[in-house]
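Take a moment with the sequence and the 3D structure below. We will walk through a few parts of the fold, step by step.

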Amino acid sequence: MTPREITISTHLLLHHLLPFTLSLLQPPHHQPVHVPTLVPHAPTPLTRSRFSAEAQLDFTTRCNSSCFHRAELEEQMTDKLAFETLYADGFRTLTTVEVEEDDDDGDDDALHPTHAPAWRRRRRLKRRRKRQIYGADGRFNIQGDDFLMDYPFSTAVRISTGCTGVLVSQQHVLTAAHCVHDGKDYVHGARKLRVGFLIPPSVNGTKAGLIPNKKPLVRWVRVKRTRVPKGWIQGPQEVSMDFDYALLELRWPHRRPFMRLSVAPSSDDLAGNRIHFSGFDSDRPGELVYRFCPVEEESSDLIYQHCDARPGASGSGVYGRVWDDGLERWERKVIGIFSGHQWLEIDGENRDYNVAVRITPLKFAQICYWVHGNRLDCRQD
């Protein structure tokens, strides 16, 4: 084995041995997360999409203190949590929603996505020279059947517009909204949107050992319908990044394991303060690329970090080890969606980050409703 292959194998081995280490950690002490109930209204038909937008895989925004510390009113959030549904034939509907709270719950903060950790500076970082790759490239190619088809790497799927997605149910894929919609219209490729499942060469009947560096094959499945939050559609780019997520429903269920969703905890409540995600970075065609890194900063709606990533990784499911009270153990759960890159100006200082959208209580309720189609199954575990 080459030194790089040894390094990769070591990191992946540690990735799988981590549960034994985590068993020695104490569970975090925090209050149970309250998830409000989303009450959808009857869908309103819309005109058919023109599919006139161009896919933008290298998504970059800018934000200053005013957009970072903005306060959302309940009425604004209700409007942003409305959603469009795009069907395979191009037909669209708009569904408005209301947020329903328990009468005995006196905490109105759950209505707002700003009920989350405030901006925190963990440490002053040196100026970065190359955007999206920070210092030495810390990404690892996932190769070989043992790793490629193993959980959690097997939950990563390709999106036919050039992005990545993550399996979150037997029939649903979570990805970035900008992979299918530019904020004004759906992209060309959304007309016949497909999701690609990696198939290692040996599984396909090819003896991978006889063909060195053989790329995995892809099995494509058509998407039945796509859902995008209204907060992404026709919104200012700086605000839209907070709602850069979409859910794709497949025509047929798959048989692979999927990763459960969770409301994103404070980074202090993540095991090792680390996030992980696997995607199909454009500079490594045909390869599934895994990376992990600590959370650098966090706001109410975004996770700021320096995980190395390139275009194509957008839509990757960002996961961490989250304490599950029901199972009484640390579990991998999707807590965000990798969006892209943001230049952030705070206190007169410009800093650049790779950014993931946090799954807040309201976003959890919305995505969960999209998955289950009812409100009863949408409670935080």
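Which residues of the largest nonpolar core touch the most other members? They are Leu 174 and Val 195, in a core of 75 residues. Helix α6, residues 361-372, gives the most to this core: 8 residues. Keep in mind that this is a predicted model.

Now look around Leu 174. Set aside its neighbours within four places in sequence. Leu 174 is then in contact with Gly 165, Val 166 and Val 168. Its contacts also include Ala 246, Leu 247 and Leu 261. Further along the chain, Gly 315, Val 334, Ile 337 and Ile 367 are in contact with Leu 174 too.

Another core lies apart from this one. It has 15 residues, among them Phe 277, Cys 307, Val 322 and Ala 356.

Phe 277 leads us to the strands. Its bridge partner in strand β15 is Arg 291. Phe 277 belongs to strand β14, which covers residues 274-279. Strands β14 and β15 run antiparallel, joined by 6 bridges.

Strand β15 has other partners as well. Strand β7, residues 140-142, is joined to β15 by 3 bridges, and the two run antiparallel. Here Phe 140 has Tyr 290 as its bridge partner. Strand β16, residues 302-305, also pairs with β15 in the antiparallel sense, over 3 bridges. In this pair, Glu 298 stands opposite Ile 303. A hairpin of 3 residues links β15 to β16.

How many of the 11 residues of strand β15 are buried? The count is 9, so β15, residues 288-298, is largely enclosed by the rest of the structure.

Terms used: Residues numbered from 1 in each chain as written. Predicted model: local features only at pLDDT ≥ 70, side-chain atom pairs only at ≥ 80, totals over all residues. Heavy atoms only, no water. Buried < 20%, exposed > 50% of the residue type's maximum accessible area, 1.4 Å probe, protein only. Helix = DSSP H or I, 4+ residues; strand = E, 2+ residues; numbered from the N terminus. Pairing = 2+ DSSP bridges. Core = buried A, V, L, I, M, F, W, Y, C linked by side-chain atoms within 4.5 Å. Contact = heavy atoms within 4.5 Å.
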